[in-house]
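Please examine the sequence and the structure shown below. The report that follows moves from single residues to helices, charged pairs and the chain as a whole.

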Amino acid sequence: MIEQGNPTLLKWLIVIVTVIFYGNVVFNGFSLDDKYINVNNPQTSKGVAAIPEIFTTFYAHESGNAYGYRPLVRVTYALEYQFTKKYVWNPAVSHFINLLLYILGLLILFRVLRRLLKGYSPWIAFFITLLYLIHPTHTEVVASLKNRDILLEFVFSFEAMWLFVRWVDTNKNKFVYWGIVSYILALLSKETAIVHLAVFPLVLYFFTEIRTKKLLYFTGITALLGFAIFLAPVVLFNFERNFRYIENPLFYENNFFNKLATSFYILGFYLKLLVVPYPLRYYYGFNMIPVTNWANPLVWLSFLFYVGIFVAAVRNFKQKKIISFIILFFLVEISMYANIVMPVPGIVGDRFAFYTSLAFAWFVVWLFIEIPKHSVFKQQRVAVKPVTIALALSLLYLLPMGYWVHIRNFQWRSQYLLFNSDMPFLENSVKANDLWAAEIIKKVNRELAKPVNPYHFIRRNIAAAEKRYNKALELDSTFYSAWLNLGSIYSKIHGNQARIRYMAYSKRGEKEKARKSKDEMLDYFKKAHYYFNQALKYKPEHTSGLIYYDIANAYELQEIYDSAERYYKKAIAIDSTFIISRSKLANIYFREGAFQKALDENKIIMKMEPEADVPYINMGNYYVMFGDTLTAIKYYNKAIALGTRPEAGIFLYNYYNSKGDKQKAEFYKQKAIEAKKTYNPNKFSKVDPD
């Protein structure tokens, strides 16, 4: 079996190695960008019922953008939710499916390589697959649920490649038809599969005896079909993609020569990433990769390298030498992410090396079998000794790379862990600083929501978030999100905490401490309004009205209700569906004694968002203040039926407990416990600026 390179043996080795080094992803939770797929996604959470909508909408809808047509991957998410919803979308199921798709893709790749290298020992296809599967840049693809689109594209693209080769080998048209179907599925998984239109003809030219006329006919038909499917969603649906400077400054660079120089710098970066895949980063963006020019020596080194390998590929093209194919495959796949044809969001990305790493693995193996004059692997049977030596040599690469893969998969276990692990290598990324600060603040807010106020114990965390926002502004002083979030920190956290201290000291008659806390409060709110004004300066027309909501909230905390009312109305004017602004406005009306206005605003919310608990909680609170507890209970019960915060259940538990109704008290106690686990306070709030 060893001498013959038994395919079954080699396939099992591929599966075992993959499970050993990637198996820990099954224990991961949700992480970066999983909002596209998890239980909080309003589309996929509908399950099977969402499928018609999935095929008629874009992949992403956010901040005025609608882009990406990947219905097949979203169908898999919807099906998962349909069958796992009782487990609140158990992430282990999703990660296990990702792992299975990766293994399936690797087995298909191994089968394709065996056919393409049919004159060689099957061990060569195995070693290429082995070096490929263990490349650490693949961790983002396997460990991130959002990147299942790449895995599906991988599976269907290489299955299409296999079927096209079988078509030429057997001259049976059924294979080309099924190959086209498989390729369409790849395009429906991720639109970047369009690049494989250039790979398929190369494979047929180098590794089959296809006639030139037949090859041209095949290339033309598949290109027409591929581009039709690629462009159809853009034409039929409302496509809109607006790129921010922090995503890729090349979108705003007008100097063509600087763009070209930066593109070659990026191409050089990918070479480094393939050879030394450390450090890995979940995101890059501005200013991780600088916009450069031709005075940079690294640009020239990259330019000379790429021109050199292209010339080598062309010179060996007619002879159909494998090295020529490896080079052309590498150049075709990297072209999608070189930022030459079109800038890429994030500038560069670890996952963008997913296909180019196959060329790298193939090249490394090619060196070991082509440099020796009489390589024993250029035949079907190979003695045990050279195979053993080759396996030992591969371990020198496999073990350190595999260890790094295992560690990296663990770092993807949660968004907090990922951000914390990568931040030392992302000091110059505006977005990374912003995301890490936001993640810290989420943790801070969870602590502040606890019954015992931990403000003084988490000041260090708050300071860490402020440091990251200020670093983002140091890199880009026009970055709206950082200004807005700093304003929120100084109003909702620092200012509010100073207000709480002021009220507590005043109540206890500690005048000096109260005066000091009031001065701190006024200073914090003054800083908050400065940050808010800076945010307005750089983004005066925020489409969600969030900036006006935050300004209004700051005035409300200061008990300047007329200004709070004015800014809540501004937020609503920009986005009438911003129900939290309506809720806050209703409460101000109630405070001012305008009960009918408060009632009207809550009725609008009830009509606008029938599933929202907020208006019923508001009405319950109003009637409690009126002393009408029975009416308040009716509204609280409605809120609980919709899934509300635990406080409503706790109130009703205390009420019925005081009345001696132990059965009802226990019922509402359980509702409060359930709410602590499942309630999402931001479901209708739109408070996330991203």
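## Contacts of Y397

In this predicted model, Y397 touches L131, I134, H135 and F360, when residues up to four places away in sequence are not counted. Y397 itself lies in helix α15, which covers residues 384-411. Set against G643, Y397 is 246 residues away in sequence, and the C-alpha atoms of these two residues are 53 Å apart in space.

## The nonpolar core and F158

In soluble globular proteins, nonpolar side chains tend to be buried together. In this chain the largest nonpolar core has 214 residues, and those with the most contacts inside it are L133, F158, Y183, L204, Y282 and W362. Helix α7, residues 148-170, gives the most to this core, contributing 14 residues.

What does F158 touch, leaving aside its neighbours within four places in sequence? The residues in contact with F158 are I108, L109, V112, Y355 and L358.

## A nonpolar patch on the surface

Nonpolar side chains also appear on the outside of the model, where F227, L231, V234, V235, L236 and F239 make a surface patch of about 590 Å². One of these residues, V234, is found in helix α10, which covers residues 212-236. V234 has a relative accessible area of 39% and is therefore classed as partly exposed, since that class lies between the 20% limit for buried and the 50% limit for exposed residues.

## N602 in helix α24

N602 lies in helix α24, residues 595-608. Is N602 buried or exposed? Its relative accessibility is 0%, so N602 counts as buried, the cut-off for that class being under 20%. Leaving out residues up to four places away in sequence, N602 touches A586, P615, N618, M619 and Y622.

## Helix α18 and its cover

Helix α18 runs over residues 459-475, and its 17 residues should span 24 Å at 1.5 Å a residue; the end C-alpha atoms are 24 Å apart, so the expected and modelled spans agree. The buried residues of α18 are I462, A465, E466, R468, Y469, K471, A472, L473 and L475, a list that includes the charged residues E466, R468 and K471. What covers the buried residues of α18 includes α17 (430-448) and α19 (480-508).

R468 also takes part in a salt bridge, its side chain meeting that of E427 at 3.1 Å, N to O. Because E427 lies in the loop between α16 (415-422) and α17 while R468 lies in helix α18, the pair ties together parts that are 41 residues apart in sequence. The two partners fall into separate accessibility classes: E427 is partly exposed, with a relative accessible area of 29%, whereas R468 counts as buried at 11% relative accessibility.

## Further salt bridges

Side chains of opposite charge can pair when their charged atoms come close. The structure holds 23 salt bridges, among them one in which the side chains of R111 and E159 meet at 2.6 Å, N to O. R111 lies in helix α4 (residues 91-116) and E159 in helix α7, so this pair ties together parts that are 48 residues apart in sequence. R111 is partly exposed, its relative accessible area being 26%.

E520 forms a salt bridge with R501, with the closest N and O atoms 2.8 Å apart. This pair links distant parts of the chain, E520 being in helix α20 (residues 511-538) and R501 in helix α19, 19 residues apart. At 27% relative accessibility E520 counts as partly exposed, while R501 is buried, with a relative accessible area of 16%. Elsewhere, R70, D149, K190 and E191 are linked in a network of salt bridges.

## The chain as a whole

The chain contains 28 helices and two strands, and its C-alpha trace spans about 95 × 60 × 50 Å along the principal axes. Of the 690 residues in the chain, 54% are buried. The accessible surface comes to about 32300 Å², and 61% of this surface belongs to carbon and sulfur atoms.

How much of the contacts in the chain with a separation of 6 or more comes from residues 24 or more positions apart? Such residues account for 72% of those contacts.

Definitions and conventions. Residues are numbered from 1 along each chain as its sequence is written. This is a predicted model: local features need pLDDT of at least 70, side-chain atom pairs count only at pLDDT 80 or more; totals for chains, interfaces and linings use all residues. Side-chain values use heavy atoms; hydrogens and water are left out. Helices (H or I, at least four residues) and strands (E, at least two) are DSSP runs, numbered from the N terminus. Contact means heavy atoms within 4.5 Å. Patches are made of residues with over 30% relative accessible area and no salt bridge: like charges are joined within 9 Å, nonpolar side chains (Val, Leu, Ile, Met, Phe, Trp, Tyr) within 5 Å. Accessible areas come from the Shrake-Rupley method with a 1.4 Å probe; for residues, only the protein chains shown count as cover. A salt bridge is a side-chain nitrogen of Lys or Arg within 4 Å of a carboxyl oxygen of Asp or Glu. Buried means under 20% relative accessible area, exposed over 50%, partly exposed in between (1.4 Å probe, protein chains only). A nonpolar core is a set of buried Ala, Val, Leu, Ile, Met, Phe, Trp, Tyr and Cys residues joined through side-chain atoms within 4.5 Å. The expected span of a helix is 1.5 Å times one less than its number of residues.
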